[in-house]
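User: I should like to learn how to read the features of a structural model, taking them in turn. Where should one begin?

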Amino acid sequence: VCSSDLLLMAFTRLFPNLTSLDITCINSDAVNILQAVQSFPGLVEISITSNTAALQFLPNECIKNIKKFQFNALGEPKAFEIIKSILIQNSQIEEISLNIEPLTVEEIIELVISFSGTLKSLTFHNFYFNLTELEMLMTNFACLRYLSSDVKPSGEVMKALASSQISFALIE
């Protein structure tokens with residue numbers, strides 16, 4: 001995505017039915033770029049790499065149809081509350097991937113509980129979970145089929161995952 005209004009207008013006219021968008025905002029244009037997302041009403045997948053503060057400017061109307069949401073914070077803490085306020089706008093997300101500050105399983109459940117009926121895939125960086133926490137996830141998210149983290153769970157957790165309907169992938 002580009003920050004120039006003319007280039008953005010040309011881009012939206014060339015691709016009016018865009019369903020997937022990958023945005024990297026590493027400069028002062030992050031707010032303008034995220035606000036431009038509303039130009040794509042058919043978006044169902046969005047991947048954002050940005051500073052956390054810029055997320056506040058992501059228009060609520062574009063979040064309502066999103067089925068896959070990915071966010072990579074640019075090395076800053078405090079993304080939890082902002083992401084929670086964004087995700088509360090949508091109850092149909094199926095896939096969530098977050099690379100933010102480390103969260104507890106309770107915080108993760110609080111963050112994504114509104115998707116308990118639709119969430120199929122969950123990816124968190126810096127996420128280590130034990131058997132009790134896995135059971136909490138399985139209880140709260142019956143549709144969950146894929147779980148990913150960059151931290152390998154214990155052998156006990158891997159055995160429980162193998163006997164469940166949830167696949168685990170170690171990400172790098």
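**Reading a predicted model**

Analyst: Let us begin with burial: Ser-121 is buried, its relative accessible area being 12%. Please keep in mind that this is a predicted model.

User: Where is Ser-121 found, and which residues does it touch beyond its sequence neighbours?

Analyst: Ser-121 belongs to strand β5, which covers residues 121–124. Setting aside residues up to four places away in sequence, Ser-121 touches Glu-94, Glu-95, Ile-96, Leu-144 and Tyr-146.

User: Is Leu-122 buried or exposed?

Analyst: Leu-122, also found in strand β5, has a relative accessible area of 0% and is therefore buried, the cut-off being under 20%. Not counting residues up to four places away in sequence, its contacts are Ile-96, Ile-108, Leu-137, Leu-144, Tyr-146, Leu-147 and Ser-148. From Leu-122 to Met-136 there are 14 residues in sequence and 14 Å in space, C-alpha to C-alpha.

User: How many residues does the largest nonpolar core have, and which have the most contacts inside it?

Analyst: The general idea is that nonpolar side chains tend to be buried together in soluble globular proteins. In this model the largest nonpolar core has 52 residues, and Phe-69, Phe-71 and Ile-83 have the most contacts inside it. Leaving aside neighbours within four places in sequence, Phe-69 is in contact with a set of residues including Ile-46, Ile-48, Ile-83, Ile-86 and Leu-87. Glu-95 and Ser-97 are also among the contacts of Phe-69.

User: Let us turn to the sheet. What is the order of the strands, and how are they paired?

Analyst: One reads a sheet by following which strand pairs with which. Here seven strands form an open sheet in the order β1-β2-β3-β4-β5-β6-β7, with parallel pairing. The edge strands, each pairing on one side only, are β1 (20–24) and β7 (167–170). From one strand to the next, the twist averages 5 degrees.

User: How many bridges join β3 to β4, and what packs on the sheet there?

Analyst: The parallel strands β3 and β4 are joined by five bridges. Within this part of the sheet, Lys-68 stands opposite Glu-95 in β4. Helix α4 packs on the sheet and touches β3 and β4, its direction making about 165 degrees with that of β3.

User: How many salt bridges are there, and which residue meets Glu-95 in one?

Analyst: A salt bridge is read from the separation of a side-chain nitrogen and a carboxyl oxygen, the cut-off being within 4 Å. By this rule there are two salt bridges. In one of them, the side chains of Glu-95 and Lys-68 meet at 3.9 Å, N to O. Glu-95 lies in strand β4 (residues 95–99) and Lys-68 in strand β3 (residues 68–73), so this pair ties together parts that are 27 residues apart in sequence. Glu-95 is partly exposed at a relative accessible area of 32%, and Lys-68 is partly exposed at 31%.

User: With which residue does Glu-110 form a salt bridge?

Analyst: Glu-110 forms a salt bridge with Lys-84, and the closest N and O atoms are 2.4 Å apart. Because Glu-110 lies in helix α5 (residues 105–112) and Lys-84 in helix α4 (residues 80–87), the pair ties together parts that are 26 residues apart in sequence.

User: How accessible are Glu-110 and Lys-84?

Analyst: Glu-110 counts as partly exposed, at 38% relative accessibility. Lys-84 is partly exposed, with a relative accessible area of 24%.

Notes: Residues are numbered from 1 along each chain as its sequence is written. This is a predicted model: local features need pLDDT of at least 70, side-chain atom pairs count only at pLDDT 80 or more; totals for chains, interfaces and linings use all residues. Side-chain values use heavy atoms; hydrogens and water are left out. Helices (H or I, at least four residues) and strands (E, at least two) are DSSP runs, numbered from the N terminus. Buried means under 20% relative accessible area, exposed over 50%, partly exposed in between (1.4 Å probe, protein chains only). Contact means heavy atoms within 4.5 Å. A nonpolar core is a set of buried Ala, Val, Leu, Ile, Met, Phe, Trp, Tyr and Cys residues joined through side-chain atoms within 4.5 Å. Two strands pair if DSSP finds at least two bridges between them. Axes are lines fitted to C-alpha atoms, for helices over the stretch in contact, and angles run from 0 to 180 degrees between N-to-C directions.
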